[in-house]
Amino acid sequence: MIHHDPKIWGEDVHAFKPERFLDGIAKATNNNPTAFMPFGMGHHICAGSNFAINEAKITIAMILQRYSLTLSPGYVHAPHPGLTLRPAYGIQIILNAL
C-alpha cells in the first residue's frame, strides 16, 4: 500500500510518471526515502527480484565484453558521504567500442 499513498507520491499516485525520480528518491517521496521499495522486503519480497538482478548482471557483463570504459576528462572527483560513499556529481564515463 505504501506505493499507492497519495500523501507520499501525490494525487497522481497511479499515473506512470518516471520523471518523478529525476531529482532523486527523497524528492519523489516527499523526503521519505524508505517509501520506495521496488522489490519489497522480508516475507513479501518480489518473486522476480533475483531474476531482475541476474538480468542486470548479465546486461552489464555483455556491455563490458564489447566496450572499454574510460573516465571523461570533465570528471570531478568529489566523494559524497551518506550511508555509503558515492560520487557527488556522478561518474561521467566514455564507452569505446572494442
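**Figure 1. Nonpolar surface patch of the predicted model.** In this predicted model, the residues I60, I63, L64, Y67, L69, L71, I91, I93 and L95 make a nonpolar surface patch of about 810 Å². Three elements, namely α3, β1 (67-71) and β4 (93-97), each supply at least two residues of this patch. L69, one of the patch residues, belongs to strand β1. With a relative accessible area of 43%, L69 is partly exposed, because values between 20% and 50% fall into that class.

**Figure 2. Surroundings of Q92 in the loop between β3 and β4.** Q92 is placed in the loop that runs between β3 (86-87) and β4. Its relative accessible area of 32% makes Q92 partly exposed. When neighbours within four places in sequence are left aside, the contacts of Q92 are T70, L71, S72, G74, Y75 and V76. Among these contacts of Q92 is L71, and L71 also takes part in the nonpolar surface patch. For a long-range reference, the C-alpha atoms of Q92 and N54 are 25 Å apart in space, while the two residues are 38 residues apart in sequence.

**Figure 3. Salt-bridge network of D12, K17 and R20.** Side chains of opposite charge can pair when their charged atoms come close. The structure holds 2 salt bridges, and D12, K17 and R20 are linked in a network of such bridges. In the pair formed by K17 and D12, the closest N and O atoms are 2.6 Å apart. In the pair formed by R20 and D12, the N to O distance is 3.3 Å. How do the three residues stand in terms of accessibility, buried or partly exposed? K17 is partly exposed at a relative accessible area of 29%, and D12 is likewise partly exposed at 28%. R20, in contrast, has a relative accessible area of 15% and is therefore buried, since the limit for that class is under 20%.

**Figure 4. Largest nonpolar core and the contacts of A28.** The largest nonpolar core has 5 residues in all, namely I8, W9, V13, A28 and A35. Not counting residues up to four places away in sequence, A28 touches I8, W9, R20 and F21. Two of these partners, I8 and W9, are themselves members of the core. R20, a further partner of A28, is the buried residue that meets D12 in a salt bridge.

**Figure 5. T29, a buried loop residue.** T29 lies in the loop between α2 and α3. Is this loop residue buried or exposed? T29 is buried, because its relative accessible area is 0%. Once neighbours within four places in sequence are set aside, T29 is in contact with I8, W9, A35 and F36. I8, W9 and A35 among these contacts also belong to the largest nonpolar core.

**Figure 6. N30 and N31, with positive phi angles.** Both residues are situated in the loop between α2 (25-28) and α3 (49-66), as given for N30 and for N31. Although N30 is not a glycine, its phi is positive, at about 55 degrees. N31 is not a glycine either, and its phi is positive at about 60 degrees. N30 counts as exposed because its relative accessibility is 52%, the class requiring a value over 50%. N31 is exposed as well, with a relative accessible area of 66%. Not counting residues up to four places away in sequence, N30 touches K7 and I8. I8 is also listed among the contacts of T29 and among those of A28. At a longer range, N30 and L85 are 55 residues apart in sequence and 23 Å apart in space, taken from C-alpha to C-alpha.

**Figure 7. C46, a position annotated in UniProt.** An unreviewed UniProt entry carries the annotation "binding site" covering C46. In the model, C46 is placed in the loop between α2 and α3. C46 is partly exposed, with a relative accessible area of 35%. The loop that holds C46 also holds T29, N30 and N31.

Technical notes
Residues are numbered from 1 along each chain as its sequence is written. This is a predicted model: local features need pLDDT of at least 70, side-chain atom pairs count only at pLDDT 80 or more; totals for chains, interfaces and linings use all residues. Side-chain values use heavy atoms; hydrogens and water are left out. Helices (H or I, at least four residues) and strands (E, at least two) are DSSP runs, numbered from the N terminus. Buried means under 20% relative accessible area, exposed over 50%, partly exposed in between (1.4 Å probe, protein chains only). A salt bridge is a side-chain nitrogen of Lys or Arg within 4 Å of a carboxyl oxygen of Asp or Glu. UniProt positions are given in the numbering used here, feature names are shortened, and annotations may be inferred rather than shown by experiment. Patches are made of residues with over 30% relative accessible area and no salt bridge: like charges are joined within 9 Å, nonpolar side chains (Val, Leu, Ile, Met, Phe, Trp, Tyr) within 5 Å. Accessible areas come from the Shrake-Rupley method with a 1.4 Å probe; for residues, only the protein chains shown count as cover. Contact means heavy atoms within 4.5 Å. A nonpolar core is a set of buried Ala, Val, Leu, Ile, Met, Phe, Trp, Tyr and Cys residues joined through side-chain atoms within 4.5 Å.
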